[in-house]
Amino acid sequence: MKATHNGALRRSLGTVGTYTILSVISLIMIIPFLWMLSTSFKEPQKIFTYPPQLIPSTFRFENYTDVFKLIPFEWFYFNSVYIAFLVVGGTVFFASLAGYAFARIPFAGRNIVFLILLSAMMIPHEVTAIPMFLFMRELGWIDTHLPLILLPIFGAGGVFGIFVMRQFFITIPKELEEAAMIDGCNRFRIYGQIMLPIAKPGLATLTIFTFVTNWNEFFDPLIFINTRKLMTLPLGLSLFTDEVGTAWHHLMSATVMATVPLLIIFFLAQRQFIEGVAMTGLKE
Amino acid sequence: MKDKGKQRRKGPLTREAQITGWLFISPMLLGFTLLLLFPMGLALYMSFTDWPLLGDHKFIGIDNYRHIMSDALFWKVLTNTVYFTVGLVPLNIILALLLALLLSKSLRGIGFFRTAIFVPVMTSLIVWSIVWKYMFATDSGLINQLLMLFNIKGPAWLYDTDLAMPAVIVTSVLKNVGLNMVLFIAALQQVPRSLYEAATLDGAGKTKSFFNVTLPMITPTVFLTVVMTVIGSLKVFGQIFVMTQGGPSNSTKVLVYYIWEKAFKLFQLGYASSLAFVLFFVVLVLTLIQWQLRKRWVFNESDA
């Protein structure tokens, strides 16, 4: 009797402890967002008032419209979105094509080529960025979006994509293909009409990963883009940070606008996001 | 024998397979050669040259590497990078493991906590760094305003040579702890229930079964995560760029920041390349360790 009583007590204490730890850490994660949202509506002089106000006494919506006057924010957005779309599309297409070949087509040298590709994944981006800068300058591609689109598709991101897709195609039963081949399908049709539809979960994972990585890409835009209007969100926002100093109300309305759409997508597709991360495993 | 049969079956396909196979990988292979392999080789060559942005470059042998050894700022930057890594990795891993253990219980509201902790992972690093720069701001920052409630005058976090790096480390841990947490949750779910039942039958308590069942079972994931987190930390850049710009007085200047500065602000492209190869060498060693460990574990698993 006593033992079970003790056990129950300890269990409920454990539960209380668990909830306390989780609540504290969750709060630390959420408060910056609330603070960001709150400041984004504040009057400039209210930013420094003490004690801190979570809910502003008056809401200043001009903070948001001001941002568009101060920086070409709509261009940052447009550039980020369209570059991310092209990169995702390109990566998914080329990586799944190559991933399928590595998984299923027995061609000479397949394993050695795959190994070379994989080992290139450990090359830090910073190493190739310097010659790439010269290369792009020769081509006249500095201050254009071409390096921001091509480098991620065919660089380490693409190699990662090949790896993910190969792992996926390997798990699909061979019988499906063999049947189609007997029916006289060529490999392009097998790939496009049979394999791709089955590999949807893998494609979804790769899409999510590529999108998030690209949306946050900072180093490449920093070295390749100089013109304001051509900047992506992370680059545009980081320069804006340098310029506005302590005009946090403007900065926070810009970060709210940069963050909210992605967070909404995340909440809608949360399960896939988290499972995708767990599935593809380790990537910084 | 079995192999032979397989080959014969594939026989008539081979020619077609050769062509299609190479065709399918050719776009990636071409891009990879031009945009990764070729620059890698050029970078290696550049690291042995004095290469200004304009004008001719000249081959100077290992002078850049010799210069690195006597470059006081390089050692400072390397120390800072190690400081960042040593500060971040244990904090990140232990917190992620703790959260994963707590969140793999079946409790009410677990989904909410999981989401809250994962949200920063989904936020752009630059945005997260801007917001935390604001949190740490001396007068208007929330942290110092909250300290004021207790009549404590908060320090100028990001302008203090002792406090700037810890502030950046905390920001970075909070940003990425959710990622490692999810990886650990996935690993914990792989641990067979029967092992816990067996441990309980043997009279093991919770603590004991954690150290004797859980930990050994998830060790491979933990080690791989540690290596990946270390590699990620060695390449830290964005948060430094936004929060401190390497300051105050170089106290947060890290390796990649130094490479970026040398290459794209001072345009000492040769020297910057040799610095980048130092980074590459460290990452290479760590990756080889990781591969070795992975091989050993895979072997052990199939052995058992």
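The following paragraphs describe how chain A is built, how the two chains are divided into domains, and how chains A and B meet. The model is a predicted one.

A good place to start is the make-up of chain A. This chain holds 14 helices and zero strands, so a reader following the elements from the N terminus on meets α-α-α-α-α-α-α-α-α-α-α-α-α-α. The radius of gyration of chain A is 25 Å, well over the 19 Å that the globule rule gives for 284 residues, and chain A is therefore more spread out than a compact globule. Along the principal axes, the C-alpha trace of chain A spans about 80 × 75 × 35 Å.

The domain assignment divides chain A into domain 1 (1-27) and domain 2 (74-228 + 261-280). The C-alpha centres of these two domains of chain A are 45 Å apart. In chain B, domain 1 covers 2-46 and domain 2 covers 71-303. Here the centres, again taken over C-alpha atoms, are separated by 36 Å.

Inside chain A, one helix pair can be followed in detail. Two packed helices are described by the angle between their axes and the distance between the axes. Helix H3 (residues 73-104) of chain A and helix H10 (residues 200-216) of chain A have axes that come within 9 Å and cross at roughly 140°. H3(A) and H10(A) are therefore oblique to each other, and the crossing is right-handed. On the H3(A) side, the contact includes Ile83(A), Val87(A), Val88(A) and Val92(A), while H10(A) brings residues including Leu203(A), Leu206(A), Phe211(A) and Trp215(A). By class, the residues of this contact are 10 nonpolar, six polar and no charged.

Attention now turns to the place where the chains touch. Chain A puts 77 residues into the contact, and chain B puts in 77 residues. On the side of chain A that touches chain B, helix H1 (residues 2-40) of chain A gives the most, with 12 residues. That side of chain A has 59 nonpolar, 14 polar and four charged residues.

Two helices of chain A can be compared through their packing with helix H6 (residues 125-135) of chain B. For helix H12 (residues 233-244) of chain A, the axis comes within 9 Å of the axis of H6(B), and the two cross at roughly 20°. As this angle is under 35 degrees, H12(A) and H6(B) are therefore roughly parallel to each other. Their crossing is left-handed. Pro234(A), Leu237(A), Ser238(A) and Thr241(A) of H12(A) meet Ile126(B), Val127(B) and Ile130(B) of H6(B). Five of the residues in this contact are nonpolar, two are polar and none is charged.

The other partner is helix H13 (residues 248-268) of chain A, whose axis comes within 10 Å of that of H6(B) with a crossing of roughly 150°. This angle is over 145 degrees, and H13(A) and H6(B) are therefore roughly antiparallel to each other. The crossing of H13(A) and H6(B) is left-handed. The contact is formed by Trp248(A), Leu251(A), Thr255(A), Ala258(A) and Thr259(A) of H13(A) together with Val127(B), Ile130(B), Val131(B) and Tyr134(B) of H6(B). Seven nonpolar, two polar and no charged residues make up this contact of H13(A) with H6(B). Val127(B) and Ile130(B) thus appear in the contact with H12(A) as well as in the one with H13(A).

Terms used: Residues are numbered from 1 along each chain as its sequence is written. Chains are lettered from A and ligands numbered from 1 in the order in which they are written. This is a predicted model: local features need pLDDT of at least 70, side-chain atom pairs count only at pLDDT 80 or more; totals for chains, interfaces and linings use all residues. Domain bounds come from an automatic or database domain assignment. Two residues are in contact if their C-beta atoms, placed from the backbone, lie within 7 Å. Helices (H or I, at least four residues) and strands (E, at least two) are DSSP runs, numbered from the N terminus. Ala, Val, Leu, Ile, Met, Phe, Trp, Tyr, Cys and Pro count as nonpolar, Asp, Glu, Lys and Arg as charged, and the others, Gly among them, as polar. Axes are lines fitted to C-alpha atoms, for helices over the stretch in contact, and angles run from 0 to 180 degrees between N-to-C directions. Angles under 35 degrees count as roughly parallel, over 145 as roughly antiparallel, 65 to 115 as roughly perpendicular and the rest as oblique. A crossing is left-handed if the near helix is turned anticlockwise from the far one by less than a right angle, and right-handed if clockwise. The radius of gyration is taken over C-alpha atoms; the globule rule is 2.2 Å times the number of residues to the power 0.38.
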